[in-house]
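Work through the exercises below with the sequence and the model in view. Each task is followed by its solution.

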Amino acid sequence: MGYHLLIIVLAAHMLIIVLAIATFFIISIFRFLFPLQCEHGKAKPEKKATKAGDVFSIWNYDGRIAFEDMIEATEDFDIKYCIGTGGYASVYRAQLSNGRVVALKKLHSLETEESTFLNSFQNEAHVLSNLRHRNIIKLYGFCLHKKCMFLIYEYMERGSLFCVLRNDDEAIELDWSKRVNIVKNMAHALSYLHHDCTPSIVHRDISSNNILLNSELEAFIADFGLARLLHPDSSNRTILAGTYGYIAPELAYTMIVTEKCDVYSFGVVALEALMGCHPGELLSSVSSSSNQNMMLIDMLDPRLSPPADTMVMQDIALISRIAFACLRSKPKSRPTMYRVSHEFLGRKTPLTKPFHEISISEMRNQNIYAIDESEG
């Protein structure tokens with residue numbers, strides 16, 4: 001009897017030991033799996049998004065990881081990757097680990113430690129990243145790392161319209177049809193920003209430097225809304241007033257940016273595309289009585305043969321007429337970009353006289369846009 005009792009006691013002890021060991025293993029497994037699951041629930045998508053080159057999910061992962069990726073892609077912002085620099089940023093070409101190329105705009109210096117600034121900047125950047133127009137450069141995201149801030153954009157192979165027009169070989173490649181399309185695409189993109197976005201987005205710095213061209217020499221507007229993004233508390237008053245030579249005259253005394261400031265700048269770039277150079281000298285000369293009879297054909301870029309196609313000639317005449325309307329000194333006398341866009345989409349008006357007989361004064365004096373208070 002005592003022997004059997006001893007066996008039962010030993011068996012009970014063994015069972016307790018087995019249960020204890022099993023419980024320990026079960027608890028250990030759960031303690032191992034749950035932290036791992038929680039950790040991966042946050043970190044794994046971030047790591048995967050970065051290392052797989054999916055920088056377009058930059059909003060969804062930690063800026064530190066994105067920063068490290070860009071440091072690697074640009075070798076710590078080495079000058080050899082720099083493709084342009086301006087007053088507030090330098091632009092780098094960054095090839096990601098998956099072979100994808102993006103443009104990295106590294107801002108020179110900002111008060112990135114201010115939490116209110118960071119929140120406003122992030123909100124603005126989210127708005128701009130959601131813009132959807134085929135002729136607007138895509139903003140993929142931004143990254144903050146200590147005092148370093150950069151934005152990640154779609155990369156444009158041919159660079160800016162400004163640079164292309166100042167290179168004779170590239171300017172010749174940019175034929176009349178391509179230049180006409182550049183102006184039209186600018187108009188449609190600005191109309192989208194002004195009239196299809198809520199709230200409307202004013203670019204604030206339309207210039208040939210901010211019109212970028214892809215490998216097919218198609219035009220895309222860059223740095224849209226960046227002035228407001230950089231200074232979100234400035235409302236419609238601007239710190240970055242734009243680029244000299246493209247700034248609307250009213251900004252000199254109001255310092256208030258409106259859509260009509262973009263319209264004026266558009267007019268400058270439209271003429272620049274046709275002339276192959278900045279139109280400042282033309283605008284000064286046509287205001288004098290001695291140059292009232294200057295011909296439209298004499299205004300065009302002499303590096304290209306005069307246009308021969310009837311449709312192209314009609315387009316050039318229309319662009320000239322619209323550009324001069326956009327350059328009127330009174331903002332309310334300028335057309336809206338919505339109206340300009342629709343002019344380009346409408347049926348072409350046949351020329352009333354041979355192309356070589358059209359004067360610039362005719363283009364300037366055609367009052368095709370009546371003031372419409374509802375359009376601003």
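**Exercise 1. Decide whether Lys184 is buried or exposed, and place it in the fold.**

Step 1. Lys184 has a relative accessible area of 13%, so it is buried; buried means under 20% relative accessible area, exposed over 50%, and partly exposed in between (1.4 Å probe, protein chains only).

Step 2. This is a predicted model, in which local features need pLDDT of at least 70 and side-chain atom pairs count only at pLDDT 80 or more, while totals for chains, interfaces and linings use all residues. Residues are numbered from 1 along each chain as its sequence is written, and side-chain values use heavy atoms, with hydrogens and water left out.

Step 3. The helix that holds Lys184 is α6, residues 176-196. Helices (H or I, at least four residues) and strands (E, at least two) are DSSP runs, numbered from the N terminus.

Step 4. Apart from neighbours within four places in sequence, Lys184 is in contact with Asp315, Phe344 and Lys348 (contact: heavy atoms within 4.5 Å).

**Exercise 2. Describe the largest pocket: its volume and its lining.**

Step 1. Its space comes to about 720 Å³. On a 1 Å grid over the protein atoms alone, a pocket is an open set of points where a 1.4 Å probe fits, with protein on both sides within 12 Å along at least five of seven lines; lining residues have an atom within 4 Å of a point.

Step 2. The lining holds 28 residues, and Gly84, Val91, Lys105, Asn209 and Leu212 lie nearest the centre.

Step 3. At least two lining residues come from each of β1 (82-85), β2 (89-95), β3 (101-107), β5 (148-154) and β6 (159-160). β1 gives the most, with 3 residues.

**Exercise 3. Do the same for the second largest pocket.**

Step 1. The volume of the second largest pocket is about 320 Å³.

Step 2. It is lined by 20 residues, with Ala317, Arg321, Thr349, Pro350 and Leu351 closest to its centre.

Step 3. Two or more lining residues come from each of α12 (310-326), α13 (337-345) and α14 (360-365). The most, 5 residues, come from α12.

**Exercise 4. How many disulfides does the whole structure have, and how accessible are Cys163 and Cys326?**

Step 1. A search of the whole structure gives 0 disulfides (pairs of cysteine sulfur atoms within 2.5 Å).

Step 2. Cys163 has a relative accessible area of 46% and is therefore partly exposed.

Step 3. Cys326 has a relative accessible area of 0%, so it is buried.

Conventions: Grid points are joined across faces, edges and corners, and a volume is the space filled by probe spheres set on the points.
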